[in-house]
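Reader: I am new to this structure and would like to look closely at one part of it, with enough of the surroundings to keep my bearings. Please take your time over the answer.

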Amino acid sequence: MVELNTLRYFSSAFETGTFSKAARLNGVSQPTVSAAILKLEDRLGMPLFQRSKSGLVPTALARKLYYDTVDSVSHLSTLESRLRDQPQKIVRIHCAPDMLIHGLAPGLHSLRRSIANLTFRFTEDPDDSDLAYVSDKCVPSSHEFIPTADEAFRIAVARFHPFAGMSGIRLADLQGEPLIHRPYCPNADRMDLATIQTSAAAQAMNDPQLLDLVAAGLGIAFVPQSHGDSRENIIVRPLIDADAGSRRIGVSHRKSAFAANLAERLTTIAPSKNLENPI
C-alpha cells in the first residue's frame with residue numbers, strides 16, 4: 001500500500017514542479033521528498049517525472065496518478081481537523097485589475113485541499129484583503145510583499161492582426177493604431193512613449209476585459225508578457241527599438257502570522273517566471 005505521506009509529496013511535486021518546493025510545502029527536506037518519489041516510481045515500475053533544469057515534467061502516469069488520488073489525499077490530510085469540527089476560516093483576497101487570477105488559482109486550490117474549512121472571499125478593496133495578487137507598485141500599505149516574478153511589457157494584438165505575423169514591432173509601426181488604455185495601476189499603460197501617436201479606442205476597467213477587446217480587434221494594448229500565455233486568440237510581440245518597461249509581481253499579505261503563512265505557501269506554488277531580471 002502506498003503511504004499517505006508519499007502521495008502528499010507526489011501531489012506537491014506535481015503542483016509546484018520541483019522537489020525543493022514540495023519539501024518546503026510539507027515541512028521536510030528535499031532528500032526526503034526525492035527518496036519517496038523514487039521509491040514510488042520503483043513500485044509503479046515507471047517514471048513519474050522527467051527531470052530537467054527547468055523543473056519536473058509530469059509523465060502520463062503522473063497525470064493519471066495525480067487526478068486519481070488528489071481528492072483522496074486532500075480528504076485524508078484534513079480528516080482530523082474536520083472531525084474536530086473546527087470553525088470556518090475566511091480569507092479575503094484582492095486580485096488587482098492588471099493581474100489575471102489564473103496565475104494564483106492553482107495555489108488557492110492547493111491551500112483549500114490542505115487546510116480544512118478554508119473559504120475564499122474576493123474583495124475589490126485591497127486594504128480590506130488578507131492576501132492580494134498585485135505588482136510591487138500597488139501593494140496595500142498594511143501589507144508585506146513577496147515577489148514571484150519579473151516580466152516585461154509586450155504589445156498585445158488580435159491573432160488576425162497584421163502585427164501577429166511579425167517577430168517584433170517598431171515604434172513607427174504603431175503610428176495611428178487604435179489603443180486600448182489600461183489606466184488602473186502605475187506603469188500599467190505603457191503608451192506614454194512620447195513618439196507614439198495613437199488613437200484611443202477604449203479604456204478598459206481590468207485586464208480580462210482588455211484582452212477580450214484586443215481579441216475582438218478593437219485595438220492594441222501594452223500588456224505583461226505572461227498575458228499572452230493565457231489566451232489563444234491574442235498574440236504578444238516585443239517592442240524592438242524602445243524599452244516598453246517591466247513590472248515585478250507577487251503576493252502581498254496582511255501582517256498576521258496566518259496570512260503570512262498562506263502567502264508563503266502560495267508563492268511556493270506560484271510559477272516563477274523571471275523574464276527579465278532574476279529575483
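What percentage of the 279 residues in the protein is buried? With that as background, please show me the largest nonpolar core, and tell me which element gives the most to this core.

Author: The model you are looking at is a predicted one, and in it buried residues make up 46% of the 279 residues in the protein. The chain is organised into eight helices and 11 strands, and its accessible surface comes to about 14100 Å², with 52% of that belonging to carbon and sulfur atoms. Of the contacts with a separation of 6 or more, 70% are between residues 24 or more positions apart. As for confidence, the mean pLDDT is 86, and 89% of the residues reach 70 or more. Residues 275-279 need more care, since there the pLDDT is below 50, although this stretch has 17 contacts in the model beyond near neighbours in sequence.

Now to the part you asked about. The largest nonpolar core has 22 residues, and those with the most contacts inside it are Val 91, Ile 93, Leu 104, Leu 111, Phe 120, Leu 131 and Leu 266. Several elements give two or more residues to this core, namely strand 3 (89-95), helix 6 (105-114), strand 4 (118-122), strand 5 (131-135), strand 6 (143-158), strand 11 (246-254) and helix 8 (257-269). Strand 5 gives the most, with four residues. Apart from this core lies another, of 20 residues, which includes Leu 7, Val 33, Ala 36 and Val 70.

Two residues help to show how the parts meet. Ile 93, leaving out residues up to four places away in sequence, touches Leu 104, Leu 108, Phe 120, Arg 121, Phe 122, Thr 123, Ser 129 and Leu 131. The other residue to follow is Val 134, which lies in strand 5. Val 134 counts as buried because its relative accessibility is 0%, and the cut-off for that word is under 20%. Beyond its neighbours within four places in sequence, Val 134 is in contact with His 94, Ala 96, Met 99, Val 139, Phe 145, Arg 248, Ile 249, Gly 250 and Ser 252. Val 134 and Val 251 are 117 residues apart in sequence, yet their C-alpha atoms are 6.3 Å apart in space.

Some of the elements that give residues to the core also carry charged pairs. Side chains of opposite charge can pair when their charged atoms come close. A search of the whole structure finds 10 salt bridges, and one of them joins Arg 92 to Asp 128, with the closest N and O atoms 3.3 Å apart. This pair links distant parts of the chain, since Arg 92 is in strand 3 and Asp 128 is in the loop between strand 4 and strand 5, 36 residues apart. Arg 92 is partly exposed, with a relative accessible area of 30%, and Asp 128 is likewise partly exposed, at 31%. Arg 92 and Asp 128 also belong to a network of salt bridges that includes Asp 130 and Arg 254.

Two further pairs run between strand 6 and strand 11. In one, the side chains of Arg 248 and Asp 150 meet in a salt bridge at 2.6 Å, N to O; with Arg 248 in strand 11 and Asp 150 in strand 6, the pair ties together parts that are 98 residues apart in sequence. Arg 248 counts as partly exposed at 27% relative accessibility, whereas Asp 150 is buried, with a relative accessible area of 5%. Arg 248 is also one of the residues that Val 134 contacts. In the other pair, Glu 151 forms a salt bridge with Arg 247, and the closest N and O atoms are 2.9 Å apart. Because Glu 151 lies in strand 6 and Arg 247 in strand 11, this pair ties together parts that are 96 residues apart in sequence. Glu 151 is buried, with a relative accessible area of 3%, and Arg 247 is buried too, at 9%.

Helix 8, which gives residues to the core, has another role to note: along with helix 1 (4-16), helix 3 (30-44), strand 1 (49-52) and strand 2 (55-58), helix 8 is among the elements that cover the buried residues of helix 2. Six of the eight residues of helix 2 (residues 19-26) are buried, so helix 2 is largely enclosed by the rest of the structure.

Key
Residues numbered from 1 in each chain as written. Predicted model: local features only at pLDDT ≥ 70, side-chain atom pairs only at ≥ 80, totals over all residues. Heavy atoms only, no water. Buried < 20%, exposed > 50% of the residue type's maximum accessible area, 1.4 Å probe, protein only. Contact = heavy atoms within 4.5 Å. Areas by Shrake-Rupley, 256 points an atom, 1.4 Å probe, with all protein chains shown as cover. Core = buried A, V, L, I, M, F, W, Y, C linked by side-chain atoms within 4.5 Å. pLDDT = per-residue confidence, 0-100. Salt bridge = Lys/Arg side-chain N within 4 Å of Asp/Glu carboxyl O.
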